[in-house]
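Thanks for sharing this one. Here are a few notes to read alongside the structure.

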Amino acid sequence: MPERFVEDILRAEYFKLLPEIRRVTWQLETEIRYHTSSIRHKLRQYEQLLIRSRVKDCESAIKALQRRQEGRVFDPDRSYSLTSLPDLAGVRVLIFPGSKLKAAHPLLRKSYSDWEADPVPDGAGGLLAHKYNGYCHDISSTIRAEYQIVPMLVGLFWEVEHSAMYKPDPALMGIGKSPEMNQLKAEVESFAAV
Amino acid sequence: MKKEILHRANYRYVFDRDMYVNRDAKKAFSLEYVQDHSEEELLQRIREAANGSNWRFYFNSEPTEGVRRELERVLG
């Protein structure tokens, strides 16, 4: 039998896990819609609360696991599992204005009190977004899910930045880590967080 | 400052490995190692002699034989 690379083994694992990742994503999205309904029903005309979910795609999951290894290479003599990732299933709650975060955060925290906090700092000692990961125990004890509560402008900026920086055109490879880009990113995030 | 030290010693940042690499000296520092060690320590490691024709990797966790093989393959 020909030698299989770690990446090939992880791809096979991913497609075995995929139906379960989808179920966890649907479950978490549905639960969060339910838990935040009391806020959504009272929104003023200019206020918004959007809920977006995603299943982490196969190559992103493998790359995320690879980024956790020093030197960003897999050890061919070791075994890895994508289930060690905290966000195979993900839900993002986007809120405008940002001050509404104060209402949504405790509601969800109460429902997911055993989930692990992984807050996103804003670079000035404050908090940019709330992030938690854990298990939807009724559905899966294997797939970790993540939910984020993010000011809408920050979340929309992340969406643009993600497609430009993490899956870049070869000509832009590495630009996301340049000091100039970090400076610009910090400026946008501090503006959007207000 | 650490970046400047490495740059002056001809270490180039390899984006897809997050490592500072000097192919002539056959030495490489992981990003984690650079972040977690002082400038003085970094200078000492830069001054250390190369390991002949073998690569020398400075990691927080000593790379396994498998990781060494993979890195040597991708770094050339």
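1. Please keep in mind that this is a predicted model. A good place to begin is Leu153(A), which sits in helix H5 of chain A, a helix covering residues 152-166.

2. Leu153(A) has a relative accessibility of 41%, so it counts as partly exposed, because that class lies between under 20% for buried and over 50% for exposed. Together with Tyr46(A) and Phe96(A), Leu153(A) makes up a nonpolar patch on the surface, and the accessible area of the three adds up to about 290 Å².

3. Moving to chain B, have a look at strand S2, residues 19-22. Met19(B) and Val21(B) point to one side of S2(B), while Tyr20(B) and Asn22(B) point to the other, and all of them are buried. In a regular strand, side chains alternate between the two faces of the sheet.

4. S2(B) has a neighbour in strand S1 of chain B (residues 12-14): the two run antiparallel and are joined by three bridges. Val21(B) is the bridge partner of Arg12(B) here. Four residues lie between the strands of this hairpin, where Asp18(B) takes a positive phi near 50 degrees.

5. S2(B) also pairs with strand S3 of chain B (residues 27-30), again in the antiparallel sense, over four bridges. Across this pairing, Tyr20(B) stands opposite Phe29(B). The hairpin of S2(B) and S3(B) has four residues between its strands, and Lys26(B) takes a positive phi near 55 degrees.

Technical notes. Residues are numbered from 1 along each chain as its sequence is written. Chains are lettered from A and ligands numbered from 1 in the order in which they are written. This is a predicted model: local features need pLDDT of at least 70, side-chain atom pairs count only at pLDDT 80 or more; totals for chains, interfaces and linings use all residues. Side-chain values use heavy atoms; hydrogens and water are left out. Patches are made of residues with over 30% relative accessible area and no salt bridge: like charges are joined within 9 Å, nonpolar side chains (Val, Leu, Ile, Met, Phe, Trp, Tyr) within 5 Å. Accessible areas come from the Shrake-Rupley method with a 1.4 Å probe; for residues, only the protein chains shown count as cover. A salt bridge is a side-chain nitrogen of Lys or Arg within 4 Å of a carboxyl oxygen of Asp or Glu. Buried means under 20% relative accessible area, exposed over 50%, partly exposed in between (1.4 Å probe, protein chains only). Two strands pair if DSSP finds at least two bridges between them.
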